[in-house]
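Visitor: I would like a close look at one part of this model. Please take the salt bridges, and set them in the wider picture.

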Number of protein chains: 2
Amino acid sequence: MENAPATKPHVVILGGGFGGLEAAKKLACEEVRVTVVDRTNYHLFQPLLYQVATAALSPADIAAPIRAVLSKCKNIEVILAEVQAVDAQAKKVRMADGERDYDFLIVATGARHSYFDHPEWEKLAPGLKSLEDAVEIRRRILMAFEQAEKISDEAARRAAMTFVIVGGGPTGVEMAGAIAEIARYTLAKDFRHIDPAQARVILIEGEPRVLAAYPEDLQISAMKQLHDLGVEIRTGVHATNLTEDGLNVGDEYIPSRVKIWAAGNNASYVGHSLGAPIDRVGRVIVNDDLTIPGHPEVQVIGDLANFSHQTGKPLPGVSPVAMQQGRHAARNILAMIEGRKPQRFRYWDKGSMATIGRARAVADLKFIHLNGLPAWLAWLFVHIIFLVGFRNRLAVLFQWGWAYLTFNAGARLITRNFQAEQRPPT
Amino acid sequence: MENAPATKPHVVILGGGFGGLEAAKKLACEEVRVTVVDRTNYHLFQPLLYQVATAALSPADIAAPIRAVLSKCKNIEVILAEVQAVDAQAKKVRMADGERDYDFLIVATGARHSYFDHPEWEKLAPGLKSLEDAVEIRRRILMAFEQAEKISDEAARRAAMTFVIVGGGPTGVEMAGAIAEIARYTLAKDFRHIDPAQARVILIEGEPRVLAAYPEDLQISAMKQLHDLGVEIRTGVHATNLTEDGLNVGDEYIPSRVKIWAAGNNASYVGHSLGAPIDRVGRVIVNDDLTIPGHPEVQVIGDLANFSHQTGKPLPGVSPVAMQQGRHAARNILAMIEGRKPQRFRYWDKGSMATIGRARAVADLKFIHLNGLPAWLAWLFVHIIFLVGFRNRLAVLFQWGWAYLTFNAGARLITRNFQAEQRPPT
């Protein structure tokens, strides 16, 4: 693999998430060559990933092929590859099957879940970052009810139908609400030996309230809305001693077969190779213009970046930050090519919102706090608008409309790995 | 797991495919207890599986949860389990996690692909029977273009972009046409270093023409329509010496990374445990009323059954046969409960159709042979009508309408196994 000879500056973007994709769009049809490198062939609309995990949407509804999104301008090429490291001195990116030189680099490889000192918990309590994660969690949730239907032992049946979500941030809140709704409405009539509505959904949060980053009134509202859906909330406690069969929550042991991890992030390992300062969760501490010390040609954005110049605290790992940083990084590159200096970044915070269930949500729009139906409508509107790809918008609108009318989750499939699809002994 | 005490006769149906589902629907709300056992939680609309394999549809579009389809009548329960064997003497079905007694049994566990004496070919050239198969084939097809984009060696690039489909029945014809269309239209603008339209699609058939079961004029028309799409057809030859890198077709060696198997079926292993006569591909040779010798309480239907009483040849393994047999088997059971004898089965053949691409198809409607656009419209109509679940019908109509307008395949995702989703070494 070699770089085609050309005189235009070469921009390499690592990661096709919200930050990387916005940067690429901004550089489309400009006087640069752009290479986008991602280890998947699609851009994933992560805010709706929990809906794949809870069988409301299909993987294809919230993913758009990166090539297709960026196909219009010939100055952009897309490579499906896993980045191993960056050599910032030599201005090279190393991948499993080759390397690329760059003149400018945007690193946007995001974060994975962190299990702190317990990597062995990942299999017991999967997190929710990728489509594969979502399909695996969907499989576990649906299998739990299937197995409970076949179990006659009362205690084992209760353990099969007890779902524990560790972490009360937006993802944890969304998962807890969605599982409670599936159990109470979607699956209500499907079983003969169990009543899915008897399922317990337990949400664990170490802070005193869920949605720690939200204003207090919305935290309280979210907890009330979850409670109305039947979700049990345990705050001020931590999960310990995870096993196949259960976990400890504070002093209490909870038998539970299905556990989901929504606590703690670890930034992508790619950041470590940059030679820049790194914070405690692996994020790269960037300058106020998103560049790294000593390398104005390298910018780090999104979940991988620790940008503390605006509020004194790192900006949150949410898509609006990544998107604004992506556009800013692209503008910085165009400025540097013209001999100007990169500009400092400023985040324009338009607020945040989390959904809990049908007509249940909270929204902090800065000038106003909403909850219940108005917050939910605001959430629907924003998520349809920002969903990448017009086709996806139509598809998701259709699925949501259908689900709203029928309470039916359309993607209730338990699929197995290809490897597992073997014939049993004859 | 125990059977609830009850005096109504207990009907066990093995398999939730076309045959099993029709039987269950016919027995819904009747004076029997029904248990449907399937190893997946969904009914799969197999005639559209090739569209999942070629990224036109999502798995959830062509699958319906069996529980949901059968939830209305309380006399039906559904069990997710893998059947191991039937003990026809003791009237018991054995599963991995328990057994069930039955008064009447309908065996509808279908068929898998047969690799004749070469089981090692399964990994090299996957067949297309399950959703897992389809997602794996989709991954291989899309990955082939991704890899070709990164390869600079001309011969290796050609091998990556050469797709060989072994078997010229309806599935092989549909796959060949769909891959040719993806390459020529859907992916046309996505790559920078390759021209996807240069991909070779080669269809191999041992008989003198494709679609051996169709009338000769439609065979010839299908071959012409495939040819117009750029598909190379090799008839009267067989595939041998499959490896990762290629295969022999007759005397010719064809370098090819992606091979797909659409030749030969082997009936489900469950048939062997019945103690009834078995044909050379594992099908159970049934009486003219679908029962097996000596066991009027056991009926075998669909792809697992060899029913030769009507034409002297076994009926083909297509969904109309399975559905008619499913309904007939249910009627037979209701008759036997009332003390009457099971009736002989008669297949009403309404014809068959295969699609090749956009506005390309053949249809044998018995009273008329169609090809091209009229055949394609007939195909669309029939497949929408028979798709299980009103939601699926709407979803597929939407996807097809969108694809027709934009030539865009909506489900172009390369997804990996959960196990493979590991972080690379840091």
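Guide: Here is a walk from the whole of chain A to its charged pairs, with a stop in chain B and a last look at a nonpolar patch.

Keep in mind that this model is predicted. The predictor gives the complex an ipTM of 0.84 and a pTM of 0.89. Chain A averages a pLDDT of 91, and 95% of its residues score at least 70. Two stretches of chain A fall below 50. One is residues 1–5, which has 14 contacts in the model beyond near neighbours in sequence. The other is residues 417–426, with 25 such contacts. Where pLDDT is low, the predicted coordinates should not be read in detail.

Now the frame. Chain A has 11 helices and 25 strands. Its radius of gyration is 22 Å, close to the 22 Å that the globule rule gives for 426 residues, so chain A is as compact as a globular protein of that length. Its C-alpha atoms fill a box of roughly 70 × 60 × 45 Å along the principal axes. Of the 426 residues, 58% count as buried. Take the contacts in chain A with a separation of 6 or more: residues 24 or more positions apart account for 63% of them. The accessible surface of chain A is about 17,300 Å², and carbon and sulfur atoms hold 53% of it.

On to the charges. Side chains of opposite charge can pair when their charged atoms come close. Over all chains, the structure holds 47 salt bridges. Let us visit some of them.

Start in helix α5 of chain A, residues 131–150. Here A:R139 forms a salt bridge with A:E136, and the closest N and O atoms are 3.1 Å apart. The two residues are 3 apart in that helix, so about one helical turn separates them. Their surroundings differ in cover. A:E136 has 9% relative accessibility and counts as buried, because the cut-off for buried is under 20%. A:R139 is partly exposed, at 27%.

Next comes the pair A:R209 and A:E216. Their closest N and O atoms are 3.6 Å apart. A:R209 is partly exposed, with 27% relative accessibility. A:E216 is also partly exposed, at 47%.

Now cross to chain B. The side chains of B:E22 and B:R327 meet in a salt bridge, 2.8 Å from N to O. B:E22 sits in helix α1, residues 18–27, while B:R327 sits in helix α9, residues 319–337. The pair therefore ties together parts of chain B that are 305 residues apart in sequence. B:E22 counts as buried, at 11% relative accessibility. B:R327 is partly exposed, at 26%.

Salt bridges can also join up. Back in chain A, A:R200, A:E232, A:R234 and A:E252 are linked in a network of them.

For contrast, finish with a spot that has no charge pairing. A:F381, A:I385 and A:F386 make a nonpolar surface patch of about 330 Å². A:I385 belongs to helix α10 of chain A, residues 373–386. Its relative accessible area is 45%, so A:I385 is partly exposed. That value also passes the cut-off for patches, because a patch residue needs over 30% relative accessible area.

Definitions and conventions: Residues are numbered from 1 along each chain as its sequence is written. Chains are lettered from A and ligands numbered from 1 in the order in which they are written. This is a predicted model: local features need pLDDT of at least 70, side-chain atom pairs count only at pLDDT 80 or more; totals for chains, interfaces and linings use all residues. Side-chain values use heavy atoms; hydrogens and water are left out. Patches are made of residues with over 30% relative accessible area and no salt bridge: like charges are joined within 9 Å, nonpolar side chains (Val, Leu, Ile, Met, Phe, Trp, Tyr) within 5 Å. Accessible areas come from the Shrake-Rupley method with a 1.4 Å probe; for residues, only the protein chains shown count as cover. A salt bridge is a side-chain nitrogen of Lys or Arg within 4 Å of a carboxyl oxygen of Asp or Glu. Helices (H or I, at least four residues) and strands (E, at least two) are DSSP runs, numbered from the N terminus. Buried means under 20% relative accessible area, exposed over 50%, partly exposed in between (1.4 Å probe, protein chains only). pLDDT is the predictor's confidence in each residue, from 0 to 100. Contact means heavy atoms within 4.5 Å. The radius of gyration is taken over C-alpha atoms; the globule rule is 2.2 Å times the number of residues to the power 0.38.
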